Amino acid sequence: MAVNGVGIRDVARLAGVSITTVSHVLNDTPQTRVSAETRARVRAAAAQLGYGPNRAARALRTNRSGLIGLLSEEIATTPHAGRIILGAQDAARAHDLTLVIVNAERESSGGSHRDDVQTLIDRQVEAVLYATMYHREVSVPANLRDVPAVLIDATDRDGLLPAVVPDEVGGAVAAVTHLVEAGHRRIGFLNNVDDVPATHERLVGYKQVLHRHGIVAEDRLILQAPSETRPGHALAREVLAGDDRPTALFCYNDRMAMGAYQAAAELGLDIPRDLSIVGFDNQELIAANLFPGLTTVALPHYEMGEWAVEMLVHLLSGDADHKRLPDGPTRLHCPLVTRGSVAAPREPRKA
């Protein structure tokens with residue numbers, strides 16, 4: 001938002017600081033490390049340009065609060081997915097908006113969260129971001145339709161709200177293509193058992209790559225279990241036990257990949273000399289700390305938060321209509337993060 005045609009970017013440019021620093025100074029954000037000299041320079045620049053962040057006065061004058069709500073379903077307590085919040089905060093600050101966060105427990109029913117949404121509405125937010133713990137389809141509460149809203153890492157069962165999700169198929173294609181390009185033809189897939197979009201779409205991506213390269217997708221190389229370390233270990237032991245074992249494994253997530261590492265060690269298989277492994281999620285506490293480091297696919301958490309705020313700003317501008325909204329959820333690229341767990345296959349040892 002701009003005051004008298006002057007925006008926060010103008011103040012940041014004149015003061016020679018970031019937009020975030022200007023926001024912290026003018027809003028007296030507590031516990032921020034900004035020197036007295038920088039604070040004085042920011043306030044002088046704001047005074048020179050006639051810019052003031054008096055939100056209460058602005059709300060009375062424009063009937064706008066400058067607040068947007070983020071209803072986060074457990075993601076505020078999930079370190080890797082907390083980047084959704086960071087992306088949303090950075091984008092909100094760039095538009096001189098303030099993010100109000102409500103963290104809610106996941107509801108097994110699909111989650112109406114009506115009371116949580118009402119909490120945000122009662123605080124006069126202009127719009128709401130609704131973020132789920134993992135990519136899934138949800139039934140949104142009726143009162144979420146009372147304000148502009150965007151879904152993050154979820155799709156609306158009725159298909160009425162804009163949504164942003166990871167490109168699960170594309171991420172799987174990147175992972176399996178990396179293995180094929182390394183020379184692997186027998187590639188196992190340790191998949192999740194839950195009926196969620198990622199389970200189905202990552203399988204689609206896996207099969208697409210095999211088909212494209214003339215490789216038969218063998219049922220015995222595709223196994224399912226809960227997407228945790230112990231089930232991943234059990235599945236890897238099972239698929240690696242035969243004489244015609246796969247030379248590579250694509251794992252639904254990094255936790256299952258960690259289980260596969262353990263199974264490989266127990267079977268005397270060296271990674272990546274005897275077995276290549278690729279995960280999904282790029283949970284750095286796991287992927288970067290395995291030995292060798294796990295090649296994996298990153299989920300675009302930061303980018304999803306950023307995209308969702310930009311969509312809210314578009315909706316709040318008043319010029320958005322259904323013809324200009326995305327047709328279905330927007331799918332963001334999931335990049336491959338290469339580390340040390342993939343190498344060309346070698347000839348199996350002879351008995």
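This tour goes through one protein chain stop by stop, saying what to select and what is there.

The model is predicted, so local features need pLDDT of at least 70 and side-chain atom pairs count only at pLDDT 80 or more, while totals for chains, interfaces and linings use all residues. Residues are numbered from 1 along each chain as its sequence is written, and side-chain values use heavy atoms, with hydrogens and water left out.

**The whole chain**

Start with the full chain in cartoon view. The protein chain has 12 helices and 14 strands. Helices (H or I, at least four residues) and strands (E, at least two) are DSSP runs, numbered from the N terminus. Of the 351 residues in the protein chain, 51% are buried. Buried means under 20% relative accessible area, exposed over 50%, and partly exposed in between, with a 1.4 Å probe and protein chains only. A contact means heavy atoms within 4.5 Å. Among contacts in the protein chain with a separation of 6 or more, 71% are between residues 24 or more positions apart.

**Stop 1: Val11**

Select Val11, in helix H1 (residues 8-15). Val11 counts as buried because its relative accessibility is 0%. Which residues does Val11 touch, not counting those up to four places away in sequence? They are Val22, Val42, Ala45, Ala46, Leu49 and Tyr51. Now add Ala47: its C-alpha is 9.2 Å from that of Val11, and the two are 36 residues apart in sequence.

**Stop 2: Asp96 and Asp153**

Select Asp96, in the loop between helix H5 (83-94) and strand E4 (98-104). Asp96 is not a glycine, yet its phi is positive, about 60°. Most residues other than glycine have a negative phi, and most peptide bonds are trans. Asp96 is buried, with a relative accessible area of 2%. Next select Asp153, in strand E6 (residues 149-156). Asp153 also has a positive phi, near 65°, and is buried at a relative accessible area of 5%.

**Stop 3: Arg202**

Select Arg202, in helix H8 (residues 197-212). Is Arg202 buried or exposed? Arg202 is buried, with a relative accessible area of 3%. Show the side chains of Arg202 and Glu168, which are joined by a polar contact of 2.8 Å. A polar contact is a pair of N or O atoms within 3.5 Å; within protein, one must be able to donate a hydrogen and the other to accept it, and residues adjacent in sequence count only if both atoms are side-chain atoms.

Add Tyr252: the charged end of Arg202 sits over its ring, 4.5 Å from the centre. A charge sits over a ring if NZ of Lys or CZ of Arg is within 6 Å of the ring centre and within 35 degrees of the ring normal. For another example, select Arg136, which lies over the face of Tyr134 at 5.7 Å from the ring centre. Back at Arg202, the residues it touches beyond four places in sequence include Phe189, Phe250 and Phe280.

**Stop 4: the ring cluster**

Select Phe189, Tyr206, Phe250 and Phe280, which ring pairs link into a cluster. Rings of Phe, Tyr and Trp (its six-membered ring) pair if their centres lie within 6.5 Å; planes under 30 degrees apart count as stacked, over 60 as edge-to-face and the rest as tilted. How many aromatic pairs are there by this rule? The count comes to three. In one of them, the centres of Phe250 and Phe280 are 6.4 Å apart and the planes are at 50°, so the pair is tilted. Phe250 is in strand E10 (residues 248-251), and Phe280 is in the loop between strand E11 (276-278) and helix H11 (284-287), 30 residues apart. Both Phe250 and Phe280 are buried.

**Stop 5: helix H10 and the prolines**

Select helix H10 (residues 254-266). Its 13 residues at 1.5 Å each should span 18 Å (1.5 Å times one less than the number of residues), and its end C-alpha atoms are 19 Å apart, which agrees. Asn253 caps the N-terminal end of H10, with a side-chain oxygen 3.2 Å from the backbone nitrogen of Arg255. Buried residues in H10 include Met256, Ala260 and Tyr261. Gly268, with a positive phi near 75°, follows H10.

Move on to Pro272, in the loop between H10 and E11. The peptide bond from Ile271 to Pro272 is cis, with omega near 10°. Finish at Pro292, in the loop between H11 and strand E12 (296-297). A cis peptide bond joins Phe291 to Pro292, with omega about -5°.
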